[in-house]
Amino acid sequence: RAISTLKRLATIPNIQLTVVTGKRQGVFNALQLAGLPKNGKLIGWTDKMPELMASHHLFVGKAGGATVQEAIAARLPFLVSHVVPGQEEGNIALIERTAIGALATGAPERVGDIVEGVVANDGTLWRAWRNNIEKIARPSASRDIARFLMERIPKKT
């Protein structure tokens with residue numbers, strides 16, 4: 001599936017891909033053997049996901065809770081290419097309800113078709129998704145919560 005999807009994405013002009021396989025060495029090896037991605041880089045496991053998300057324009061992957069929240073914090077529109085039943089429906093509903101991405105499951109070509117739509121017309125759809133993320137992103141939420149709580153701790157006299 002990954003190979004078919006990446007081959008389809010390679011047909012889209014002017015895009016660069018960063019493919020992260022995590023600890024799935026078999027997937028990494030298969031993609032490397034297939035020479036994919038043709039227009040970008042292949043990474044195995046990394047602890048640099050926040051930095052990668054902050055430096056990219058679109059995330060394509062499964063809608064895990066932490067991943068979706070990291071993408072929102074990084075203001076990164078999200079295409080859901082794979083669903084774990086029962087675990088990720090709420091995340092997909094959030095993405096669709098807030099219009100910060102789309103569901104792109106089904107045939108591997110579907111991801112490519114949606115990416116083409118996202119970049120069409122000088123990225124009109126991407127810009128809309130990005131503007132919508134700006135409305136909901138709270139990248140400093142943890143700091144704000146800690147500050148709120150610290151202000152409520154009684155001061156010793």
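A residue is described as buried when its relative accessible area is under 20%, as exposed when that value is over 50%, and as partly exposed in between. In this predicted model, Ala99 has a relative accessibility of 31% and therefore counts as partly exposed. Ala99 is located in the loop between H5 and S5. Its backbone is also notable: phi of Ala99 is near 55 degrees, a positive value in a residue other than glycine.

A positive phi is likewise found at Asn14, where the angle is about 65 degrees although the residue is not a glycine. Asn14 belongs to the loop between H1 and strand S1 (17-20). With a relative accessibility of 82%, Asn14 is classed as exposed. A further backbone feature occurs in the loop between helix H2 (25-33) and strand S2 (40-43), which contains Pro37. The peptide bond from Leu36 to Pro37 is cis, and its omega is near 0 degrees.

Helix H6 comprises 29 residues, from 108 to 136. A straight helix rising 1.5 Å a residue would reach 42 Å, yet the end C-alpha atoms of H6 are only 30 Å apart. A kink of about 120 degrees is present in H6, and its centre is at Asp122. Several residues of H6 are buried, including Pro108, Val111, Gly112, Ile114, Val115 and Val118. Gly123, Trp126, Trp129, Asn132 and Ile133 are also among the buried residues of this helix. An α-helix has 3.6 residues a turn, so residues three or four places apart point the same way. The partners against which the buried residues of H6 pack include three strands, S3 (59-62), S4 (78-82) and S5 (101-103). Helix H1 (2-9) and helix H4 (65-73) are also packed against by these buried residues.

Glu88 occupies the loop between S4 and helix H5 (89-97). Because its relative accessibility is 2%, Glu88 counts as buried. When neighbours within four places in sequence are left aside, Glu88 is in contact with Lys62, Ala63, Gly64, His82 and Val83.

At the surface, Ile145, Phe148 and Leu149 form a nonpolar patch of about 300 Å². One of these residues, Ile145, lies in helix H7, which covers residues 141-151. Ile145 has a relative accessible area of 51% and is therefore exposed.

Key:
Residues numbered from 1 in each chain as written. Predicted model: local features only at pLDDT ≥ 70, side-chain atom pairs only at ≥ 80, totals over all residues. Heavy atoms only, no water. Patch = residues over 30% accessible without salt bridge, like charges linked within 9 Å, V, L, I, M, F, W, Y side chains within 5 Å. Areas by Shrake-Rupley, 256 points an atom, 1.4 Å probe, with all protein chains shown as cover. Salt bridge = Lys/Arg side-chain N within 4 Å of Asp/Glu carboxyl O. Helix = DSSP H or I, 4+ residues; strand = E, 2+ residues; numbered from the N terminus. Buried < 20%, exposed > 50% of the residue type's maximum accessible area, 1.4 Å probe, protein only. Expected span 1.5 Å × (residues − 1). Bend = angle between axes of the 7 residues up to and from the residue. Contact = heavy atoms within 4.5 Å.
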